[in-house]
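Me: Got a minute to go through this one with me? I'd like to start with the charged side chains and then move on to the folds.

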Amino acid sequence: MPESMNAVVVSEHGGPETFEFRQAERPSPAAGQVLVRLSVAGVNYLDVAQRKGATPLRAPFLAGVEGVGVIKALGEEVTGLAPGQRVGWLAGGQGSFSEFAVVDASKVASIPDSIDDATAVAALMQGITAHYLVHDTYAVGPGDTVLIHAAAGGVGQWLTQIAKLKGARVIGTVSTKAKQDVALANGANEAIGYEGFADKVRELTGGEGASVVYDGVGKATFDESLRALRIRGVLVAIGGASGPIPTLDVNSLAGLGSLYVTRPTVVHHVRTAEEIAGRASDIFDWIASGAIKVPQVTQYGIADVVEAFRALESRGTTGKVVLKHSADSRHME
C-alpha cells in the first residue's frame, strides 16, 4: 500500500481559501529526480499566480515551488548528491508545501551547514532573483543610480544591498515611514514616496535620471518609471503588484531617450546546475561574511498556509514569509 504524506492542494483556482491541507500519496523520484523531506517552504507570488490560474498549471495540483529539506532517496541517473544531504530549490520542485516533494536534481543547491533552513529558503528565490537582476539583466556598477520600487519588500531589500555592494547609488520608493526606515537600514542612499517620484529622481541626480529602474509595482508606476530614466536607461519590469503593466508603444521609447524595457524571469537564469550553484554560492558567501543581511523572516506552520497567504497578499509583510514543516533539517534524521 502506498505511503501517504501531508500535502497542500489547490483543488480549484481562486483565493487563499482554496489551499486545502490533506493527505496525499507520497511521490517516488523518477530518473533525474531526488525525493526530499521538507523542513521549510518559501511563500512566493508565483504561488499566488498558480493558485489564481494565471499560469499553465491546471487545478487540482500540489502547491508550492520553493523549499529546503533533506534528500531521502535518489532517482536513477542522479550523481553528485546523496541521501541525508541538505538541499534547497526555487524551481523544479512543484509540490513543495507537501511533507515530501520530488525535485529535479539539476535544480537543487547544497545548503552550507552554517546557514539554517529558514535563512536558506529566504535567500533562494528572492536572493537569486536579485542576483541575476543586478549582474545580468543590468550590470550595475559604480557611477550608476538605481531606482528600486518597493525597496522595503523582500526582493527590494536584496536588490538594495547587492546594488550597494556593486558600488551603485540606490534610491528606493516606499509607502510608509516604517518602510522608509527599512530601506535606509539596508543601505539605500535615499528613500522617497511614490508621488512624483520621477521628478524627485531627476532632482536627486541633477536632471540626469536613473540608470536602471527595477519596477515590481507595475500598472501604477510603469509610465512614470520610464520618465525617471536617463538617456539609454533600462526599465526592468519584475512584477505587477498594482495590476498588469500597460500596453507599451515601442515607438515612444525613442522620444523618452532611446530607452530599453525588459521583463525577465528567474527560470531563464537558473537553467543549469552550474548556474544555480554559482548564484547560490555568492548569496550564501555574502550571508556568511555579513555583507548581506537576510530580510526579516516571518514563519507560519504549514497548517496555517491560508493565513500566510492572506498576510502576503495584504502587503502587510516585509522580507520573506516561510511555511515550517518540521525542525531544522540540520537536525533531522
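Me: First off, is Arg26 buried or exposed, or somewhere in between?
Reply: Arg26 is partly exposed, because its relative accessible area is 24%, and buried would need under 20%. Keep in mind that this is a predicted model.

Me: Ok, and which residue does Arg26 form a salt bridge with?
Reply: That would be Glu3, and the closest N and O atoms are 3.6 Å apart. The two come from distant parts of the chain: Arg26 is in the loop between β2 (19-25) and β3 (33-42), while Glu3 is in the segment before β1 (4-10), 23 residues apart.

Me: How many salt bridges does the count come to?
Reply: Ten. One of them joins Arg86 and Asp117, with the closest N and O atoms 2.6 Å apart. This pair also links distant parts of the chain, with Arg86 in strand β6 (residues 86-89) and Asp117 in helix α2 (residues 117-137), 31 residues apart.

Me: Are Arg86 and Asp117 buried or exposed?
Reply: Both Arg86 and Asp117 are buried.

Me: Which residues are linked in a network of salt bridges?
Reply: Asp136, Glu275 and Arg279.

Me: What about Glu190, which side chain does it meet in a salt bridge?
Reply: Arg169, at 3.0 Å from N to O. Glu190 sits in strand β11 and Arg169 in strand β10, so the pair ties together parts that are 21 residues apart in sequence. Arg169 counts as partly exposed, since its relative accessibility is 25%.

Me: Switching to the sheet with those strands. What's the strand order?
Reply: It's an open sheet of six strands, in the order β11-β10-β9-β12-β13-β14, with parallel pairing. At the edges are β11 (190-192) and β14 (260-262), each of which pairs on one side only. On average, neighbouring strands are turned by 15° against each other, ignoring direction.

Me: Which helix packs on that sheet?
Reply: Helix α5 (residues 197-204). It touches β9, β10 (169-173), β11, β12 and β13 (229-237), and its direction makes about 155° with that of β11.

Me: And how many bridges join β9 to β12?
Reply: Three, between β9 (residues 145-148) and β12 (residues 210-215), which run parallel. If you want a spot to look at, Ile148 has Tyr214 as its bridge partner in β12.

Me: New topic: Lys320. Where is it?
Reply: Lys320 is in strand β16 (residues 320-324). It counts as buried because its relative accessible area is 0%, and the cut-off for buried is under 20%.

Me: So which side chain does Lys320 make a polar contact with?
Reply: Asn44, at 2.7 Å. Leaving out residues up to four places away in sequence, Lys320 touches a list of others too, including Glu66, Met125, Gln126, Gln296 and Thr298.

Me: Last one. At what angle do helices α1 and α9 cross?
Reply: Roughly 105°, and the axes of α1 (residues 45-52) and α9 (residues 305-313) come within 11 Å. The two helices are therefore roughly perpendicular to each other, as that label covers 65 to 115 degrees.

Me: Which residues meet there?
Reply: From α1 you have Tyr45, Asp47, Val48, Arg51 and Lys52, and they meet Phe309, Leu312 and Glu313 in α9.

Key
Residues are numbered from 1 along each chain as its sequence is written. This is a predicted model: local features need pLDDT of at least 70, side-chain atom pairs count only at pLDDT 80 or more; totals for chains, interfaces and linings use all residues. Side-chain values use heavy atoms; hydrogens and water are left out. Two strands pair if DSSP finds at least two bridges between them. Helices (H or I, at least four residues) and strands (E, at least two) are DSSP runs, numbered from the N terminus. Axes are lines fitted to C-alpha atoms, for helices over the stretch in contact, and angles run from 0 to 180 degrees between N-to-C directions. Contact means heavy atoms within 4.5 Å. A salt bridge is a side-chain nitrogen of Lys or Arg within 4 Å of a carboxyl oxygen of Asp or Glu. Buried means under 20% relative accessible area, exposed over 50%, partly exposed in between (1.4 Å probe, protein chains only). A polar contact is a pair of N or O atoms within 3.5 Å; within protein, one must be able to donate a hydrogen and the other to accept it, and residues adjacent in sequence count only if both atoms are side-chain atoms. Angles under 35 degrees count as roughly parallel, over 145 as roughly antiparallel, 65 to 115 as roughly perpendicular and the rest as oblique.
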